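I am opening the notebook on this chain and will go through it by topic: charged pairs, sheets, cores and surface. Each entry records what I looked up.

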Amino acid sequence: MNVEKMISGKLYDPSDEKLAKMRCKAHKLSKDYNDTYEDEVEKRAAILEELVPNIGKGTYLQGPVQFDYGCFTEFGANCYANFNLTVLDCCPVKIGNDVFFGPNCSLLTPIHPMLYEERNMRVKEDGTLYDLEYAAPITIGDSCWLATGVQVCGGVTIGKNCVIGAGSVVTRDIPDNCFAAGNPCRVIRKITEKDSVKFKKELF
């Protein structure tokens, strides 16, 4: 029951035994993946298939990675994540095709209550501690690039073909075809044909 409540965005108890076992499995698989060498292709693929079952062809995660559950994250085809991708997928995380992540990016669906009385730890009848949390989904459209250190908060949808500037904290939706940056992240401008590398003579 807590699993269904969690992924549907309702208040839930993360100390639930089933959820704890699922997290433990994902954390172990994340460590197993991180302990491999990048030329151990078959070993890495086997771990990743168990950790993130919904992953598209050609997607490559450099590692290290850290998933809370893994099974609630979906990658499209031909995605790339540089070092230190963190995905706290307490709600579904859906990533489109051809999405690039720079180093140290985080996708963070969990949300804690604002009022401390609702956020603080509680005590069960058996004396164990727990808290109540909720989460909101994250969606990233096709052909996006999230640069170094981008943090995406729960409830955010990033449209297709977007570039999110380094160090941004994305707290609200970003429309298609935009360059957005900052903390909080905001749309700077539309991406146009004028951004083509063919106009950057210094690159040739």
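Is Asp13 buried or exposed? I looked this up in the model, which is a predicted one, and found that Asp13 has a relative accessible area of 12%, so the residue counts as buried, the limit being under 20%.

**Entry 1, charged pairs.** I then followed the side chain of Asp13 to its partner and found a salt bridge with Lys124, at 3.1 Å from N to O. The two residues are 111 residues apart and link distant parts of the chain, since Asp13 sits in the loop between helix H1 (2-7) and H2, and Lys124 in the loop between E11 and strand E12 (129-130). Lys124, unlike its buried partner, is partly exposed, with a relative accessible area of 28%. I noted as background that side chains of opposite charge can pair when their charged atoms come close. The count of salt bridges comes to six, and I looked up two others among them.

In one, Asp195 meets Arg189, with the closest N and O atoms 2.8 Å apart; Asp195 is partly exposed at 29%, and Arg189 is partly exposed at 39% relative accessibility. In the other, Glu193 and Lys198 meet at 3.0 Å, N to O, where Glu193 is exposed at 53% and Lys198 is partly exposed at 44%. Lys198 lies in the segment after strand E21 (186-190), and, leaving out residues up to four places away in sequence, I found Lys198 touching Phe204 as well as Glu193.

**Entry 2, sheets.** Arg189 led me to E21, where this residue stands opposite Phe179, in an antiparallel pairing of E20 with E21 over four bridges. These strands belong to an open sheet of seven, in the order E2-E5-E8-E15-E18-E20-E21, with mixed pairing; its edge strands are E2 (60-61) and E21, each of which pairs on one side only.

I next looked at an open sheet of five strands, ordered E1-E4-E7-E14-E17, whose pairing is parallel, and its edges are E1 (54-55) and E17 (157-158). Two bridges join E14 to E17, and Ile140 stands opposite Ile158 there.

E6 took a separate check, as this strand pairs in the parallel sense with E3 over three bridges and, again parallel and over three bridges, with E9 (residues 106-108). Val87 is the bridge partner of Phe67, while Leu88 stands opposite Leu108. Leu85 and Val87 make up the covered face of E6, and Thr86 and Leu88 the uncovered one, which I set beside the general rule that side chains in a regular strand alternate between the two faces of the sheet.

**Entry 3, cores and surface.** Which residues touch the most other members of the largest nonpolar core? Of its 36 residues, I found these to be Phe101, Leu107, Ile140, Leu146, Ile158 and Ile164. Helices H2 (17-34) and H3 (41-51) each supply at least two residues, as do several strands, including E6 (85-88), E14 (138-140) and E20 (178-181). Beyond its neighbours within four places in sequence, Ile164 is in contact with residues that include Trp145, Leu146, Ile158, Val170 and Cys185. Another core, of nine residues, lies apart from this one and has Tyr12, Leu19, Tyr69 and Cys90 among its members.

On the surface I found a nonpolar patch of Met121, Val123 and Leu129, with about 310 Å² of accessible area together. Val123 belongs to strand E11 (residues 122-123) and is exposed, with a relative accessible area of 56%.

Note on methods
Residues are numbered from 1 along each chain as its sequence is written. This is a predicted model: local features need pLDDT of at least 70, side-chain atom pairs count only at pLDDT 80 or more; totals for chains, interfaces and linings use all residues. Side-chain values use heavy atoms; hydrogens and water are left out. A nonpolar core is a set of buried Ala, Val, Leu, Ile, Met, Phe, Trp, Tyr and Cys residues joined through side-chain atoms within 4.5 Å. Buried means under 20% relative accessible area, exposed over 50%, partly exposed in between (1.4 Å probe, protein chains only). Contact means heavy atoms within 4.5 Å. Two strands pair if DSSP finds at least two bridges between them. Patches are made of residues with over 30% relative accessible area and no salt bridge: like charges are joined within 9 Å, nonpolar side chains (Val, Leu, Ile, Met, Phe, Trp, Tyr) within 5 Å. Accessible areas come from the Shrake-Rupley method with a 1.4 Å probe; for residues, only the protein chains shown count as cover. A salt bridge is a side-chain nitrogen of Lys or Arg within 4 Å of a carboxyl oxygen of Asp or Glu.
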